[in-house]
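Please work through the following exercises with the sequence and the model at hand. Each task is followed by a solution in steps.

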Amino acid sequence: MEINIIHNKSCLDGLKELPDACIDLIFTDPPYYQYRAQNVKGLKNHKDVVTEFEFDGFNSEDEYLQFLEDVLTECFRVCKPGASGYLWCGDDFVSYLNRIVERVGFQFRKVIHWHKTNPFPAIYTRKMYSNSMEMMVHFSKGIPKTWNHKSVNEMHNFIHSPEQYNQQHENDMAEMPNFIQTPICMGKERTKHKTQKPLKVCLPYIEISSNQDDLVLDPFMGSGSTAVASKMLQRNFIGYELSEEFCKFAEQRLTDLG
Ligand SMILES: C[S@@+](CC[C@H](N)C(=O)[O-])C[C@H]1O[C@@H](n2cnc3c(N)ncnc32)[C@H](O)[C@@H]1O
């Protein structure tokens, strides 16, 4: 098993090559299957209603959900007992995915909400709210073996600032909100990958649910955010990405880290 590398292949093929129980944490952001785009093509500037991505090419909702179930079945097999998993998803599918993670054997734990402080603005005439929230399902193989929440809370702005968090929770440092607030990926961090997750929504959860030298799996690496965050936190990583171009973005980001 070659680790600390993003394999340029389908995760369905790659996962089958992994031995049982070798993974400490899954952190992943699969395609969201934003099929509604097909229904709004007639609208002028429909791309600001929902965005289409070339890697979202499923023929139906059933095909999409079966694909994720096949991936998650393999994920369950390769996870060590006590491993946690985090799975980003669109609001259309969150409750389906809660059921799927349980069907393949994981325990569903909580849905985590990311509030994007700079979402693409809603267009008044469309009578739609802006898409300012994304969700992530947290699950585990049995009871999570790792939970480093206190040290993480000191390092990251879970609410608006650590001071505010500490004031609100002075007597209850055991509380950990299922909410994170930060802008979408911007500036020097941003590659040309259209759905790149900011490191700020990766680092805290990887740090909470894994330890140094653990092995973190991301079946859908994209521009490599999980790999970069894992390397920053001195975790090992393994992952897959179909697109050669995105693998190159990831390689560059990992090289830039030094
Ligand atoms: C939502 S993006 C991930 C973005 C990533 N979190 C980042 O920060 O850059 C999903 C990625 O999964 C990849 N993908 C789709 N199907 C795949 C498959 N079967 N195996 C591996 N990667 C796949 C797509 O090319 C896309 O880059």
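Two strands pair if DSSP finds at least two bridges between them; helices (H or I, at least four residues) and strands (E, at least two) are DSSP runs, numbered from the N terminus. Residues are numbered from 1 along each chain as its sequence is written. This is a predicted model, in which local features need pLDDT of at least 70, side-chain atom pairs count only at pLDDT 80 or more, and totals for chains, interfaces and linings use all residues.

**Exercise 1.** Determine how strand β5 pairs with β4 and with β3.

*Solution.* Step one: β4 (residues 107-116) is antiparallel to β5, with 8 bridges between them. Phe 108 has Phe 139 of β5 as its bridge partner. Step two: β3 (residues 79-89) also runs antiparallel to β5, through 6 bridges. Here Tyr 86 is partnered with His 138 of β5.

**Exercise 2.** Establish which residues of helix α8 are buried (20 or more other C-beta atoms within 10 Å of a residue's own, C-beta atoms being placed from the backbone) and which are exposed (12 or fewer).

*Solution.* Step one: Phe 246, Cys 247, Phe 249 and Ala 250 are the buried residues of α8. They lie on the same side of α8, because they cover an arc of only 155° around the axis, the arc being that of the directions from the helix axis to the C-beta atoms. Step two: on the face turned away from this buried side, α8 carries the exposed residues Glu 244, Glu 245, Thr 255 and Asp 256.

**Exercise 3.** State what follows α8.

*Solution.* Gly 258 comes after α8, and its phi is positive, near 90°.
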